[in-house]
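Please read the following account with the model open beside it, taking each region in turn as it is named.

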Amino acid sequence: MAGWAARALLLLAGALFPLALAPLFWWPVGLLSIAVFVHFLLQTDNARSAFATAWWFSLGKFSVGISWIYVSMHDHGGTPALLAVLMIGLFAAFLATFPGFWFALRQRFLGQSLAWLTIPVFWFLHEWFRSWFMTGFPWLFAGDAHLGTWLSGWAPVFGSYGLSFICVLSVTALYRFWQTHQPAFLLVLLLWPAGLLLEQQDWTHKTGELKVSAVQGNIPQDQKWQREWISPTINAYFQQTSEHWDSDLILWPETAMTLLLDQFQPYMDDMAIEAQETGTTVITGIPYRYPRGHELAGQFHNSVIAFGNGEGIYHKQNLVPFGEYVPLQALIRGLIPFFDLDMSSFLHGPANQPLLKVGKHSESTEELYLVAPYICYEIAYPQLVSRMAQDADFLITVSNDAWFGDSLGPKQHMALAQMRALETGRWLLRSTNTGITALVDNKGRMMSRLPYEQRATLSGTAEMRQGKTPYMIWELWPLYVLSLLIIGAAWWLRRSGRAREMAQADNIAPVVER
């Protein structure tokens, strides 16, 4: 890649990429953004220039796409404005090294052999890598722009990763058609109407219904953890809940109670009696502390607990770096206020925890449903959600997006929850402190939501569903196999091309010598 003009264009194209995602969903802008990236990537002739091309494009994408972190760092974390901007820039630059590495790898070993196929493959690989490396950051995937397009029909088949692959493949195929005028490349576009047909398919089946409610407490974030706000918070949630005892399930947000579970237990026991009498399950987010005598005594989990006509406790597995735990905390705690936020010392919950149980009482029978819970950031992980949803009838997610104000963050977060509902063919209920609180159906459509920053309760009827989508069965194996085949074919073609060049050189050499 040569010249600052090229870098500026890549930076601009990357900065436009988030416009394709929530809340605007201007998906054609995303395709145009990727097209600019593809154009410059195809001009590269070595791994270093390929890295630079991907890095500059991704720097623009992440700088705009994660700008919402500024609110938590500056407004709630006490970090000076300039330092917060600098740290976000450094984080964006770090994230940009991931696609840089993968596309440099592609250029080093495959060159431009079958580029129109290998570019989508390495786009998928860099999103997949970013979803788990160093706890993962599965955000700003290209496929997430297509929650409402024809491509959404592919989400229950290949997940959002598959949507990313098809999206980038559509761009590279059109680019090759523009270069060669060969209509065969346009066949790739048939994947779009095929997605529309798949959208009509129900991969899961209804097994029952629950009347559900989600409480949005709207407790100010800067006051939430103050001692004098404990009683007003409890009273607010108790009052809103008491108006909805006709619901089968009432969901409170992440850390709705700013007491530890053992401190909240007396209040919970009183409410559980009334909940059992009305056949209602209440699920709340609350910090859990290991009791004295336990080997982990005094340490904490970010948890949700079900009580009343249901039961179970779940400890969050995927924690937010610097928000819920501090990497290298012995070295960096105390450097700036952001590294000392309230409740930033949680433990990771174990894998394979049992699902929560929610009962539905009727005159003739008592039905029991299994609910898969996800706390805040966890709903962004496609594979985690899919694994936990295998036997679940319903999905719930709780969050406290007040950390990010009315920025891009909560809107992107809500869209990720919708994508997880679509991938698993399950209804989903989301409760947050300030918004977005919503009910989502098995097609990823938002059925109802509450206004932002208002104290209110959302109620509706949710379907309980069983069955598995192809994505839940196959996970990413189809994409792994397809990627391996494409990489193998491109590598073979490149080697055979070099072999022909060497053979031609050997044939010409004697003639030159004579």
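The paragraphs below go through the aromatic contacts, the strands, the backbone and a surface patch.

This is a predicted model, in which local features need pLDDT of at least 70 and side-chain atom pairs count only at pLDDT 80 or more, while totals for chains, interfaces and linings use all residues. Residues are numbered from 1 along each chain as its sequence is written, and side-chain values use heavy atoms, with hydrogens and water left out.

A search of the whole structure yields 38 aromatic pairs, where rings of Phe, Tyr and Trp (its six-membered ring) pair if their centres lie within 6.5 Å, and planes under 30 degrees apart count as stacked, over 60 as edge-to-face and the rest as tilted. One of them joins Trp102 and Phe129 edge-to-face, with 5.8 Å from centre to centre and 65° between the planes. This pair links distant parts of the chain, since Trp102 belongs to helix H5 (residues 81-110) and Phe129, 27 residues apart from it, to helix H6 (residues 115-130); helices (H or I, at least four residues) and strands (E, at least two) are DSSP runs, numbered from the N terminus. Both Trp102 and Phe129 are buried, a class that means under 20% relative accessible area, with exposed meaning over 50% and partly exposed lying in between (1.4 Å probe, protein chains only).

A stacked pair is formed by Phe264 and Tyr267, at 6.0 Å centre to centre and with 20° between the planes. Both residues lie in helix H10 (residues 261-278), three residues apart, which is about one turn of the helix. Phe264 counts as buried because its relative accessibility is 0%, whereas Tyr267, at 38%, counts as partly exposed.

Rings also take part in contacts with charged side chains, and here a charge sits over a ring if NZ of Lys or CZ of Arg is within 6 Å of the ring centre and within 35 degrees of the ring normal. The charged end of Arg108 is placed over the ring of Phe109, 5.0 Å from its centre, and Lys224 lies over the face of Trp225 at 6.0 Å from the ring centre.

Turning to the strands, two of them pair if DSSP finds at least two bridges between them. Strand E4 (residues 300-308) pairs with strand E5 (residues 310-315) in the antiparallel sense over four bridges, and the two form a hairpin with one residue between them. Within this pairing, Ala306 has Gly312 in E5 as its bridge partner. E5 is also joined by two bridges to strand E6 (residues 356-361), again running antiparallel, and there Gly310 stands opposite Val358 in E6.

The backbone has several features to inspect in the loops. The peptide bond from Ala22 to Pro23 is cis, with omega near 5°, and Pro23 is found in the loop between helix H1 (4-16) and helix H2 (27-41). Another cis peptide bond joins Gly435 and Ile436, with omega about 15°; Ile436 is in the loop between strand E9 (428-432) and strand E10 (438-440). Asn218, a residue other than glycine, has a positive phi near 55° and is located in the loop between strand E1 (205-216) and helix H9 (230-242). Glu453, likewise not a glycine, has a positive phi of about 55° and lies in the loop between strand E11 (446-449) and strand E12 (456-466).

Finally, the surface can be considered through one residue of helix H15 (residues 477-513), namely Leu485, which is exposed because its relative accessible area is 58%.
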